[in-house]
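I opened the model to go through its parts and contacts. These are my notes, in the order in which I looked things up.

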Amino acid sequence: MSSEIDVSIRDVVKRFGVMTAVDHVSLDIHRGQFVTLLGPSGCGKTTTLRMIGGFEHPDEGEIAIRGEPMGNRPPHHRDTSMVFQNYALFPHMSVADNIAFGLKERKKPKAEIRERVQEMLRLVELPEHGGRRPKQLSGGQQQRVALARSLVVEPTVLLLDEPLGALDLKLRRQMQLELKRIQERVGITFIYVTHDQEEALTMSDRIVVMSAGKIEQEGSAEEIFERPRTRFVADFMGAQNILDADVVDADAQSARLRFGGGTLAVSEAGLLPGETVGVMIRPEKIQLSADGAGVPATVHERVYKGATMSYQLALADGTRLVADSMHGDHAERFAPGDMVSVTMQPRDLVVLRGVPVQGA
Amino acid sequence: MASSAHRSGLSLGDRLLRIYAGLVYLFLFAPIIVVVISSFNPSGRWNVPHGFTMRWYADLMKDDEILHALRTSLTIAVLVAIISSLLGLLAAYGLSRTRFPGRGLVQALFYLPMLVPGVVCGIALVIWFNKLGIATGFLTILIAHVLVTLPFTLTLIMTSFYGFDRRLEEAAHDLGANDWNTFWKVTFPLVLPGVIGGALIAFTLSFDEFVLTFFVAGGGVKTLPLVIYSRIRYLLSPVINAIATVVIVFSIALLLLSQVAQVIRARKAEAA
């Protein structure tokens with residue numbers, strides 16, 4: 001993958017009245033990548049996207065596309081193209097005319113336009129639909145037309161604002177894979193906005209998690225999912241076990257933490273004794289045994305999940321934990337009410353910074 | 001038994017309602033029907049006709065004063081339709097797209113001519129034209145008609161703008177269209193039904209405007225309503241019935257045409 005930077009966002013601030021929608025965001029987006037801005041509604045992801053497209057202008061900071069500062073340049077003078085949430089297809093034009101719109105504005109010869117439109121219709125697998133009106137197409141088909149209309153102008157960056165939001169789950173899954181396929185084929189940088197973490201994981205080369213106008217964490221899908229850095233990210237990515245813990249003592253590579261049920265060793269640098277942190281562990285990384293070597297817990301509930309058995313556990317202080325265990329022939333089984341002992345390996349514990357998530 | 005009662009279907013209340021509705025229509029249309037029948041009445045009066053004649057229509061074709069007035073009225077109505085819908089479009093665009101202090105007041109002022117009595121408006125215009133030194137005539141009729149039709153065209157065009165999805169304009173900008181092209185390729189075609197509706201209502205209102213026209217016409221220019229008025233004052237000519245019938249037929253045809261056009265549009269959108 002090329003390391004050239006397509007979009008560079010430097011210390012950008014955007015305010016609407018008294019509300020700060022985007023708060024000192026800096027981000028580099030590399031050429032040819034599928035980058036997702038992920039976060040709950042109101043986190044500033046759509047505003048950031050709209051600023052890249054030129055629909056809003058930063059109050060502070062600078063956005064550059066391929067090294068060129070954009071300033072307050074309007075959308076029609078930028079090499080970006082946007083796929084809107086509701087598709088925003090022109091209802092008074094045929095599908096082919098919708099796709100041809102950008103090329104006509106660029107004064108391309110008619111023969112070339114016709115050819116390119118056909119090529120695009122084939123790319124999005126709607127070769128026979130050029131003469132129809134957008135309203136005659138299904139939601140998924142309209143979505144593809146919107147994509148074709150934006151791609152045909154060969155933008156430097158394609159911006160997508162929750163484009164799958166209106167589709168049902170099955171179609172969504174299908175379109176996620178298709179979007180990824182098209183992105184790989186055309187090789188254009190995609191910047192995708194969504195609040196759906198699963199969607200982000202499926203498609204993205206890189207994920208940027210945002211909250212309250214700031215970037216919480218940026219990384220590959222795997223990094224974000226496996227090693228969240230803050231409570232917010234862990235919670236947003238669907239972490240089931242987040243424990244509150246106090247740092248008892250720490251050295252350069254590791255630390256010892258005290259939490260509701262006992263102490264834990266973690267391999268995390270830079271912790272200070274007395275600090276309060278969160279600790280995340282995946283349910284499948286928790287080992288249960290009956291022999292009493294680890295933290296004592298009570299089995300609260302047991303749920304059969306096919307490949308795994310899921311246990312709801314309660315620690316001595318009432319802290320809840322979820323543990324999934326494979327239930328092969330050799331695995332021990334526990335029933336509600338059983339006392340078990342929980343062991344967690346230091347390498348599986350992820351230390352989270354930041355304040356506890358409200359209501360979590 | 002039960003099924004036949006069910007089939008005849010209507011309760012007493014429903015029947016009364018239907019009869020009532022029929023009476024309302026009769027009340028509305030009886031005078032017009034009388035005029036149409038009288039236009040074919042050999043006696044030329046508004047009594048029960050004995051026989052049928054086209055004589056009044058033949059007279060109408062030779063009546064230069066009425067034909068001239070008809071031409072004047074049509075010319076004015078067409079010009080008013082164009083000017084009023086154009087001004088309505090500009091005003092609606094501005095009012096729906098901008099936020100400025102006093103915007104509500106400005107919008108309310110646009111609707112004012114609808115509320116001011118025609119007589120008051122007429123006197124005010126006559127004084128105003130006089131002060132400005134504009135001779136009453138064709139131009140003053142035109143200005144007066146644009147004034148009274150604008151609230152209606154603006155209202156109709158505004159509805160098109162209220163339901164407008166601004167993201168369509170953003171999409172056009174995004175695909176490289178400047179403001180001018182965005183307006184003509186996306187905004188205008190989508191608000192066009194409102195503009196056409198506004199033009200039609202302006203045409204209709206202008207065509208039969210009487211009170212204001214009476215004040216601002218001066219001596220030279222006579223619109224059709226003015227001629228009809230002077231005829232029924234001095235000599236009750238049966239030709240009036242004929243021209244009235246022509247106007248009625250023309251209005252109904254216009255209405256049907258716009259309905260047909262809408263149906264065709266809808267079918268096209270479904271079938272294409």
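**Domains.** I looked up the domain assignment of chain B, which gives domain 1 (2–38) and domain 2 (63–271); such bounds come from an automatic or database domain assignment. This is a predicted model, in which local features need pLDDT of at least 70 and side-chain atom pairs count only at pLDDT 80 or more, while totals for chains, interfaces and linings use all residues. Residues are numbered from 1 along each chain as its sequence is written, and chains are lettered from A and ligands numbered from 1 in the order in which they are written.

In chain B, I find 34 Å between the C-alpha centres of domain 1 and domain 2. Four residues of domain 1 of chain B are in contact with four residues of domain 2 of chain B (contact: C-beta atoms, placed from the backbone, within 7 Å). On the domain 1 side of that contact in chain B I note three nonpolar residues, one polar and no charged. For these classes, Ala, Val, Leu, Ile, Met, Phe, Trp, Tyr, Cys and Pro count as nonpolar, Asp, Glu, Lys and Arg as charged, and the others, Gly among them, as polar.

For chain A I read domain 1 (5–227) and domain 2 (239–352). The C-alpha centres of these two domains of chain A are separated by 40 Å.

**Confidence.** Chain B has a mean pLDDT of 87, with 94% of its residues at 70 or more (pLDDT is the predictor's confidence in each residue, from 0 to 100). Residues 1–5 of chain B have pLDDT below 50, and this stretch has zero contacts in the model beyond near neighbours in sequence. Where pLDDT is low, the predicted coordinates should not be read in detail. For the complex, the predictor gives an ipTM of 0.79 and a pTM of 0.79.

**Chain B against chain A.** I find 17 residues of chain B in contact with 22 residues of chain A. Helix H8 (166–174) and helix H9 (179–207) of chain B each supply at least two residues of the side that touches chain A. Helices here are DSSP runs (H or I, at least four residues), numbered from the N terminus. H8(B) gives the most to this side of chain B, with six residues. By class, the side has nine nonpolar, four polar and four charged residues.

**Helix packing in chain B.** Which way does H7(B) run relative to H9(B)? Helix H7 (residues 138–162) of chain B packs against H9(B) at about 155°, with the axes 8 Å apart. H7(B) is therefore roughly antiparallel to H9(B). Axes are lines fitted to C-alpha atoms, for helices over the stretch in contact, and angles run from 0 to 180 degrees between N-to-C directions. Angles under 35 degrees count as roughly parallel, over 145 as roughly antiparallel, 65 to 115 as roughly perpendicular and the rest as oblique.

H7(B) passes H9(B) in a right-handed crossing (the near helix is turned clockwise from the far one by less than a right angle; anticlockwise would be left-handed). Residues in this contact include His145(B), Phe152(B) and Leu156(B) of H7(B), and Pro193(B), Gly197(B) and Ile201(B) of H9(B). I note eleven nonpolar, nine polar and no charged residues in the contact of H7(B) with H9(B).

The axes of H4(B) and H7(B) come within 7 Å and cross at roughly 45°, so the two helices H4(B) and H7(B) are oblique to each other. Their crossing is right-handed.

Notes
Two residues are in contact if their C-beta atoms, placed from the backbone, lie within 7 Å.
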